[in-house]
Amino acid sequence: MKLEQDIELRVREEDYINLNPLQSGGRTYPETRKAITSYVDGYSVCDWCSGALNCIRKPPIQSFLEDVASFLGMDSALLTNGCREAKYAVMHSLASSKDFVVVDGNAHYSTFVAAERAGLRVEQLDSTGEPEYLVDPEAFGDKIREIKKIHGKTPKLAVLTHVDGSYGNLVDAEKAASACHREGVPLLLNTAYSSGRMRVDGSRLGVDFIAASCHKSWAAGGGNIGLLAANGEWAEKVFRNSSDYEIKPLEILGCSTRGAAAVALLASYPKVKERVGKWGGEVDKARRLMAGLEELGVRQLGEKPTNHDLNFLQSDVLYEISQTHKKKNYYLYSELKKRGIIGIKPGLTRHFKISTYGKTEKQCDHILWAFRDIIEKHGP
Ligand SMILES: *Cc1c(COP(=O)(O)O)cnc(C)c1O
């Protein structure tokens with residue numbers, strides 16, 4: 001096989017409106033693409049290594065980490081291989097085998113996988129279920145008390161999914177942090193779908209850790225990169241260095257994500273700082289589109305009105321069409337593509353997620369038109 005011929009040229013953002021929530025907030029800016037081209041080779045940020053990734057001054061990783069910690073309202077920050085490695089690092093340093101961690105009802109699979117790898121037992125809060133799937137931040141208190149009573153152990157950590165990846169529900173982190181702190185449990189805020197899109201101030205919220213996904217929400221592109229930020233004594237504990245290699249942070253195995261991913265994050269950061277100020281406009285766009293889709297009989301699940309660009313849709317009308325259309329359940333993918341829209345998983349018609357992040361109002365109007373046109377042309 002000739003591999004270079006088997007790898008197709010990828011065209012998404014250039015020619016289409018991309019609705020895939022995973023990809024909308026990680027899309028790079030033209031300036032970012034330009035900046036990373038000379039950093040695509042291995043260990044490219046290590047030309048001027050001063051001992052560890054977090055100390056590198058050229059490119060300015062060290063000063064970026066100081067700045068981004070204060071941007072998040074936290075004392076210090078480290079680069080990680082995505083949000084999941086940040087969560088694992090905290091779990092691994094705070095808890096030992098058989099300890100408990102408490103997670104919300106919409107927790108991401110990577111929270112469970114991180115806990116499993118650290119040997120921890122997970123207790124999950126309930127959500128309210130269909131149709132809104134709400135998480136009650138105060139419920140952390142009850143759950144922690146229940147674990148103390150049944151198992152005689154205080155959970156070592158609570159993890160709140162600030163905005164979940166299924167319904168785009170935004171939870172009041174301040175209330176969750178107070179509920180956990182009353183029981184003496186630190187809170188990690190999983191901001192995979194919030195920081196980088198909206199302003200997140202860890203001090204104001206009172207959280208102890210923030211985990212971020214920068215390839216998802218900080219315009220850091222296709223690499224694998226996240227952030228772990230921590231406050232006070234927790235930072236000292238989780239960011240401790242190796243005893244043998246005194247400059248290397250232990251929980252990220254000395255140096256974590258590097259190269260083009262790190263440079264992309266640095267290059268996009270000024271724009272990310274600016275864009276979080278425009279979050280209200282992103283929510284307005286999503287609400288308008290959801291209202292329009294509801295009129296077509298496409299139902300939005302999750303909290304209403306929505307507070308996020310990611311939304312989960314349930315559509316009986318689009319499903320009905322798949323029952324008679326010659327392309328069966330692949331028709332929606334193909335009809336949308338014909339209209340310049342991609343990002344809904346091929347084969348889905350009844351339940352799917354879309355994101356309006358970064359789209360213009362005109363593009364949102366076009367998205368609504370496309371759904372209406374498909375329903376009018378193919379519907380009952
Ligand atoms: C995407 C996602 C993650 C995982 O992020 P990575 O950076 O890929 O590790 C974790 N939690 C939530 C809620 C997510 O949506």
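Mentor: Before we discuss this predicted model, recall that strands are DSSP runs of at least two residues and helices are runs of at least four, numbered from the N terminus. Proline 305 belongs to neither kind of run, since its place is in the loop between strand 9 and strand 10 (310-314).

Trainee: What makes the peptide bond that joins lysine 304 and proline 305 a cis bond?

Mentor: The omega angle of that bond is about -5°, and the bond is accordingly listed as cis. A cis bond also runs from lysine 58 to proline 59, with omega near -5°, and proline 59 sits in the loop between helix 3 (30-36) and helix 4 (61-71).

Trainee: What is notable about phi of tyrosine 43?

Mentor: Its phi is near 55°, a positive value in a residue that is not glycine, and tyrosine 43 is found in the loop between helix 3 and helix 4.

Trainee: Why is the meeting of the side chains of arginine 299 and glutamate 130 called a salt bridge?

Mentor: The nitrogen-to-oxygen distance between these side chains is 3.6 Å, and the cut-off for a salt bridge is 4 Å, so the pair qualifies. The pair links distant parts of the chain, 169 residues apart, with arginine 299 in strand 9 (residues 299-301) and glutamate 130 in the loop between strand 4 (121-124) and helix 7 (139-151). A search of the whole structure finds 26 salt bridges.

Trainee: How do you know that serine 213 makes a polar contact with the ligand?

Mentor: An N or O atom in the side chain of serine 213 is 2.7 Å from an oxygen atom of the ligand, and a polar contact requires a pair of N or O atoms within 3.5 Å, so this pair counts. Histidine 215 places a polar side-chain atom 2.9 Å from a ligand oxygen, while the side chain of asparagine 190 has an N or O atom 2.9 Å from a ligand nitrogen. The ligand exposes 380 Å² when taken alone, and the protein buries 95% of that.

Trainee: Which residues surround the ligand most closely, and what is the character of the shell?

Mentor: Of the 13 residues around the ligand, the closest are Cys83, Arg84, Ser213, His215 and Lys216. By class, the shell holds seven polar, three nonpolar and three charged residues. Helix 5 (82-94) and helix 10 (214-217) each supply at least two shell residues, and helix 5 gives the most, with four. The space that the ligand takes is the largest pocket.

Definitions and conventions:
Residues numbered from 1 in each chain as written. Predicted model: local features only at pLDDT ≥ 70, side-chain atom pairs only at ≥ 80, totals over all residues. Heavy atoms only, no water. Near = heavy atom within 4 Å. Polar contact = N/O pair within 3.5 Å; in protein donor to acceptor, adjacent residues only side chain to side chain. Areas by Shrake-Rupley, 256 points an atom, 1.4 Å probe, with all protein chains shown as cover. 1 Å grid on protein atoms, 1.4 Å probe; cavity = no way out; pocket = protein on both sides within 12 Å on 5 of 7 lines; lining within 4 Å. Sits in = over half its atoms within 2 Å of the grid points. Nonpolar A, V, L, I, M, F, W, Y, C, P; charged D, E, K, R; others polar.
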